[in-house]
Amino acid sequence: MDPIAFSIKYLSGLDPRLLSVLERQVKKVPALRRLIESEYDKLLRDIEDEVKPYRKVYGSLDRLPAEGRSHEEILEEMEAIREREAARWRSGYVSGAVYHGDDRHVEFLNKVYAINSQSNPLHSDLWPSTSRYDAEVVAMTARMLGAGATGDEICGTVTSGGTESILLAMKSYRDRARETRGVRRPEMVAPVTAHAAFDKACQYFRIKKVTVPVGRDGRALVGGVKEAITRKTVVVVGSAPSFPHGAIDPIAEMSALAARRGIGFHTDACLGGFVLPWAEKLGYDVPPFDFRLPGVTSMSVDTHKFGYAAKGTSVVLYRGKELRHYQYFTTTDWPGGIYFSPTFAGSRPGALSAAAWATMVSMGEKGYLEATRRILETASRFRDAITAIPELEVIGNPLWVIAFTSRSLDIYQVMQNMTERGWNLNGLHKPSCVHVCITLRHTQPGVADRFAQDLKAAVEDARERPGVHEGMAPIYGMAATLPLRGLVGDMLKHYMDLLYKV
Ligand SMILES: Cc1ncc(COP(=O)(O)O)c(C=O)c1O
């Protein structure tokens, strides 16, 4: 079961007055806190089997096996698990998650990983190949996003994913503002739709997040950005596009505002960095979002999403080395020797950099152009299927991350009806809506037609049996209204504990 849905389902079953008292008191009284925690554990026991499906089949290890198992046996077990799990995403029922996934591509990436599995960029003297892969992945990504069109040097690093790219950029802005402007209480200006990784950066690095509202089309309101900027602002953020609604923020206006105030601007192109440049070449209406805008001073771009590399890499880019220097770590006092590392990790998997490089080089411009063409054509068929249904409404004007809502039906009930037909869509809130992120998986023959048929049937079901709340539908509905953010957060921490339970 979806952990968020699970927490909300249980918490919303309790008396709201009792809950709000608990919420305030729980953290203060250790005995009460322990009681609530044991309650969480009891609740989570109900879903333990679902979260741990392999326990019954293969058992569970809480210590090393006395003697090692044979390679054959381990591989056989893993192959069986892979088959079971791939069945969920292979045929294109899942929103996002696997962006390429063709057998030949996966086999190629696996070979590249195998060749490079021992390499570590921390020891670039032993594996100079890894610095070649890293440097070229950064350079190729930068060039795709306007590096050649500006007089400035666009540089960056390879990271472990979108979140790390965002965390590193935010840390760099915080440190630069402290050093150059003496900002002690830093603030980040970001649309409410910016990815949760920006909230994570704020928590980790003690930055205050100043949230900018978005319009009905899901795009940040420029007026809101103007109002939010203060002398403590260290960075302004925009998405191209945003995760929830696939909306491209007005990056040109937002970055110009930031530049006028002498503040950096970060475009989060984790989702769009490897799609938008090709969409533009294909003639789609793509507003400016990259380094061709002089106010854009950094970007996050995910090789492991629409770059089609193996999971575990992204690129953070900066306008100029000076900003990148705030990301780097060096120490000269450690008894272990003089030490430096460009990102959060020390040792890193060189094989993943190699896989990102190999993917980009094997795709080439032509490969990305063709992949984008297929995705955008398929997305427009998905969008047509949604707009053909009078009860549904697409939010904004998205290209391939399509969020839809309904004024007359419970949209979560529609989503639940789609789940029953095998689909795995994303339930969002504020406003209540559902999204589907189109990947190459959806471009397989028959998938768009299947979506159209299933959506029509799912809406008919919801229309004929309104208010019949089953499965997850009522839970998503409650998520937005539940006043107990703290308890939901606590519950999710217990859920994460469960993931690590053997
Ligand atoms: C717009 C956007 N930014 C950042 C991220 C975070 O990426 P990751 O999950 O690789 O850390 C995502 C993930 O979906 C995203 O859609």
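Biologist: Where in the structure does Pro 431 lie?

Modeller: Pro 431 sits in the loop between strand 12 (426-428) and strand 13 (433-437), strands (E, at least two residues) and helices (H or I, at least four) being DSSP runs numbered from the N terminus. A cis peptide bond with omega of about 5° joins Lys 430 to Pro 431. The model is predicted, so local features need pLDDT of at least 70 and side-chain atom pairs pLDDT 80 or more, while totals for chains, interfaces and linings use all residues. Residues are numbered from 1 along each chain as its sequence is written, and side-chain values use heavy atoms, without hydrogens and water.

Biologist: What makes helix 8 oblique to helix 15?

Modeller: The axes of helix 8 (residues 128-144) and helix 15 (residues 350-387) cross at roughly 45° and come within 9 Å. Helix 8 is therefore oblique to helix 15, since angles under 35 degrees count as roughly parallel, over 145 as roughly antiparallel, 65 to 115 as roughly perpendicular and the rest as oblique.

Biologist: Which atoms show that Thr 163 and His 304 approach the ligand?

Modeller: A polar side-chain atom of Thr 163 is 2.5 Å from a ligand oxygen atom, and one of His 304 is 2.8 Å from a ligand oxygen atom. Both pairs are therefore polar contacts, the term for N or O atoms within 3.5 Å.

Biologist: What is notable about the phi of Arg 206?

Modeller: Arg 206 is not a glycine, yet its phi is positive, about 50°. Arg 206 belongs to the loop between helix 10 (196-205) and strand 3 (208-212).

How values were computed:
Axes fitted to C-alpha atoms, helices over the stretch in contact; angles between N-to-C directions. Polar contact = N/O pair within 3.5 Å; in protein donor to acceptor, adjacent residues only side chain to side chain.
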